[in-house]
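Q: Could you walk me through reading a protein model, one feature at a time?

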Amino acid sequence: MAVVCVGCRKHGIVFHAGWLASGRTVDYHKTEQLKVWHMLARILTVVFLLTVSLSVRADKVLLVAGGESKTDGVPATQFKLIAPFAIGFDQAGNYYIAEMTGNRVHRVDQTGKLTIIGGTGEKGNDGDNGPARKARFNGMHHLVVDADGHLLLADTWNHRIRRLDPKTGVVTPFAGTGKKGFSGDGGPARNADFGGIYCLAFDPPKKNLYVADLDNRRIRVINMATGIVTTVAGNGKRGVPPDGAIAKNAPLVDPRAVAVDSKGNVYILERGGHALRVVGKEGKIRTVAGTGKKGFSGDGGPALKAMFNGPKHLCVDLDDNVLIADTENHVIRKYLPKEGRIVRIAGTGKRGKEGVGGPPLKVQLAQPHGVFQHKDGSIYIVDSSNNRVLKIVKE
């Protein structure tokens, strides 16, 4: 960074960043010129130091939930979580955590206090139309918050979706009969049969709820106004879908998670297929990331040449990029659709729990099953086997 002194051609004076920062001055012919150049030096020094400061600004990982206390009503960082798998936010800024083997739902308010709002902690399938705290669930893998602030819970091994009203504390049936199977397309979701429901995702207006019906190898969608369920991808057969095929007529390997971007593209993450696919608005499917083989490679390069290892969850960020919990590689990665690239944003690739308080690429994770970007830009990681929730923030 240098500025040539055009007011003193005789000397051809050059201002360097190091001179400016140290306050070094130069002898000029006239006092007025000296004052002007002193002022310019101070301005450029400030600009230089600000630029350096911004260039070294880094992300930082914080613990927001997970501790040793078995009693709720304490700060979330002190409460003992049991296999947390999912996180979701309401409009008021509260967030909710679903536990898979813990079979409970927690609310963390804006002060950071955690309260159990659903589940006894025992595995079961009962309690509908009564207090959610007395209800039993079976292997919840995900939750989302609807437009009215209700929680929709993927009660995975009960083969149904249940709705929890945080205001009344009551849990009610929403979709699925509770019997494992495949039926009901074109009719009420409440009367339809599902397999294991592993992931739920709304489109941006929250008018349609997408369901990863993994056991049936289908992505299904429930219209929130009519309650009607239909299939948008998968024909029930196992296989890799050919690029350009009609999605609902094509096979899928094992659709573990689903997310929708602002343009209406539906992303499908396949656990055993080790790949990310997308269904465009025209209804055709194609693979956009992953070779289909298990591994860990490709960061910074073409997404189609990257390798995943049992990825379990995804979400769309504020820029329509796709964040992926590459679970068995213990990292969070990001697919950049405009560039067709994949990058790593958190995790070292080594299973562990060290690194909280430092940069995301230095933190160790253990089978993360959830990732979510808040509207403020912060990224939350559900670090499942470490029984904690982490948050990536700007320092």
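**Pockets, sheet, cysteines and salt bridges**

A: Let's start with a pocket: by class, the lining of the second largest pocket has six nonpolar, three polar and five charged residues. Here Ala, Val, Leu, Ile, Met, Phe, Trp, Tyr, Cys and Pro count as nonpolar, Asp, Glu, Lys and Arg as charged, and the others, Gly among them, as polar. Keep in mind that this is a predicted model, where local features need pLDDT of at least 70 and side-chain atom pairs count only at pLDDT 80 or more, while totals for chains, interfaces and linings use all residues. Residues are numbered from 1 along each chain as its sequence is written, and side-chain values use heavy atoms, leaving out hydrogens and water.

Q: What volume does the second largest pocket have, and which residues lie nearest its centre?

A: Rolling a probe the size of a water molecule over the atoms shows where empty space is left. On a 1 Å grid over the protein atoms alone, a pocket is an open set of points where a 1.4 Å probe fits, with protein on both sides within 12 Å along at least five of seven lines, and lining residues have an atom within 4 Å of a point. Points are joined across faces, edges and corners, and a volume is the space filled by probe spheres set on them. The second largest pocket comes to about 250 Å³. Asp 59, Pro 360, Ile 379, Ile 392 and Lys 394 lie nearest its centre, and strand β28 gives the largest share of the lining, three residues. Strands are DSSP runs of E, at least two residues, numbered from the N terminus.

Q: And how many residues line the largest pocket?

A: There are 39, with Phe 202, Lys 206, Val 316, Phe 372 and Gln 373 nearest the centre. Its volume is about 930 Å³, and its lining has 21 nonpolar, nine polar and nine charged residues.

Q: Which residues meet Lys 394 and Arg 162 in salt bridges?

A: A salt bridge is a side-chain nitrogen of Lys or Arg within 4 Å of a carboxyl oxygen of Asp or Glu. The whole structure has 21 of them. Lys 394 meets Asp 59 at 3.0 Å, N to O. Lys 394 is in β28 and Asp 59 in β3, so the pair ties together parts 335 residues apart in sequence. For accessibility, buried means under 20% relative accessible area, exposed over 50%, partly exposed in between (1.4 Å probe, protein chains only). Lys 394 is exposed at 55%, and Asp 59 is partly exposed at 28%.

Arg 162 pairs with Asp 128, their closest N and O atoms being 2.8 Å apart. Asp 128 sits in the loop between β7 and β8 and Arg 162 in β11, so this bridge links parts 34 residues apart in sequence. Arg 162 is buried, at 0%.

Q: How is the five-stranded sheet ordered?

A: Two strands pair if DSSP finds at least two bridges between them. The open sheet runs β8-β12-β11-β10-β9, with antiparallel pairing. β8 and β9 stand at the edges with a single partner strand each, so one side of each lacks a neighbour in the sheet. Two bridges join β8 to β12, and Pro 131 stands opposite Val 170 in β12.

Q: Why is there no bond between Cys 199 and Cys 315?

A: A disulfide is a covalent bond between the sulfur atoms of two cysteines. The cut-off is sulfur atoms within 2.5 Å, and the structure holds zero disulfides. The sulfur of Cys 199 is 9.9 Å from the closest cysteine sulfur, in Cys 315, which is too far for a bond. Cys 199 is buried at 0%, and Cys 315 is buried at 8%.

Note on methods
Helix = DSSP H or I, 4+ residues; strand = E, 2+ residues; numbered from the N terminus.
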